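I set out to record what I looked up in this structure, one topic at a time. The entries below follow the order of my reading.

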Amino acid sequence: MIIKNKKAILLGFISTVTASLLFTTNLHAENFNSPSKQASKLEAYLKFTKIVELIEEQYVDDINSTTIINNALKGMLNNLDAHSSFMDAKETKELQVQTHGEFGGLGITVGMKDGALTVIAPLEGTPADRAGIKSSDIILKINEQATIGMTIDKAVSLMRGKPNTPIELTIVRKGEGKPLKIKIIRDIIEIQSVYSKTIDDDILYLRITSFDQKVVSGMRRALAEHPQTKGIIIDLRNNPGGLLNQAIGTVDMFVNHGKIVSQKGKIPEENIVYNATVENTNTETPLVVLVNGGSASASEIVSGALQDHKRAVVVGQKTFGKGSVQVVMPISQTEALRLTIARYYLPSGRTIQAVGVTPDIEVAYGEIKKAEEGLFSIKEKDLQKHLESELEKVDGKREKKDKTKDEDKTHITEEQLYKDAQLKSGVDILKALMITNRIN
């Protein structure tokens, strides 16, 4: 009797699938224009239902068809790509909380790279950043749970939790002989997306930590506050991305014609080209964009588009390579699919997905030692007859001045530049562009 009921359910499922197949065939006849293709699809559906029936009847533990099918859907979506997934009722509710509610987190963006759960970037000023998590760290364990074979959604749900609760990540880091265990305390994540500072009074440094809804307005405000700016550095390092419209708006501030980005997929309505506009565009001020392996998605659109338009020199290291479009599609009142429906393409037609953006000038992160450091030399202060009392006065005044300058959080000092090889290289390149711009 039970078997008959199961078969009735499965036959009903087959009938529904067959009707769905015929309906799909009517809508997209060009894709199913031969009886053999229809027969092949029906045969695949029948195979699926036969396997579900065999599992229900003969698997060692009791398991119902709903659980079997849900597990099958999870596996099917996970095997498409790292960003597509089937979300059951619990996972759909968690997504709604993530989107609309308040939750404790680490301030970390992760992705799948070569099958491993990899840190794209820690967000500046967050618990993960303060704990020392770095871009390209591979997360081996979340607490005591191994991440091998784990989906991104599952990993994110494990890392989120109530504020002020502890979590331990076991990570593998390039250059380290053994895995590192890092303890982090979850917190409410509040991010300032745009920071502005000056360098040598005529260079504006804009640090964008993520592309939230305030990025374009924040950049316009910073530019308005520094009308004497002769060169701009846009720092997108460890920026994991965000809103597409903010990335487009950022590029549109500096490019006045042509494509910014396009997205292409199977659905005609999703094949969209986003073009630059002429209004409020700065095409004259020289630009340098800083990127690294933690620059992903919207960051890659901005850096790649400015690079393709030859509007900026891109400096740093190759970006992450996240150039796909996901949408969340409800399939019932409690369940949903997250599905990759398109890929982003830069103005030149090149893809970002799994390729990333290669800088015009590659510079590794590190510190630059000044030429005189480590060299032996005799200076005036070393001479016996030097007026030490006068030196103390001069040194005292200089130290006081330097201290004041270091405390000025709106300015980047020379000492700070030499501690960041990528930024120092970017500034040097920008100064050359500013000289060329002045000559022209």
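**Entry 1: the cores**

I looked first for the largest nonpolar core and found that it has 39 residues. Met219, Ile234, Leu236, Phe254, Val289 and Leu306 are the residues with the most contacts inside it. I then noted which elements each supply at least two residues of this core: the strands β11 (203-208), β12 (231-235), β13 (259-265), β15 (287-291) and β18 (336-345), and the helices α7 (215-225), α8 (244-252) and α9 (298-308). The largest share, five residues, comes from α9. I also bear in mind that the model is predicted.

I next listed what Ile234 touches, not counting residues up to four places away in sequence. Its contacts are Leu206, Ile208, Met219, Phe254, Leu287, Val288, Val289 and Leu290.

I also recorded a second, separate core of 19 residues. Ile108, Leu117, Val119 and Ile167 are among its members.

**Entry 2: a hairpin**

I turned to β13 and asked how it is joined to strand β14 (residues 272-275). The two strands run antiparallel, and four bridges join them. Lys259 has Asn275, in β14, as its bridge partner. I counted six residues between β13 and β14, which form a hairpin.

**Entry 3: a surface patch**

Which residues make the nonpolar surface patch of about 190 Å²? I found Ile138, Leu140 and Val172. Leu140 lies in strand β5 (residues 138-142). I checked whether Leu140 could belong to a patch: patch residues need over 30% relative accessible area, and Leu140 is partly exposed, with a value of 33%.

Terms used:
Residues numbered from 1 in each chain as written. Predicted model: local features only at pLDDT ≥ 70, side-chain atom pairs only at ≥ 80, totals over all residues. Heavy atoms only, no water. Patch = residues over 30% accessible without salt bridge, like charges linked within 9 Å, V, L, I, M, F, W, Y side chains within 5 Å. Areas by Shrake-Rupley, 256 points an atom, 1.4 Å probe, with all protein chains shown as cover. Salt bridge = Lys/Arg side-chain N within 4 Å of Asp/Glu carboxyl O. Buried < 20%, exposed > 50% of the residue type's maximum accessible area, 1.4 Å probe, protein only. Core = buried A, V, L, I, M, F, W, Y, C linked by side-chain atoms within 4.5 Å. Contact = heavy atoms within 4.5 Å. Pairing = 2+ DSSP bridges.
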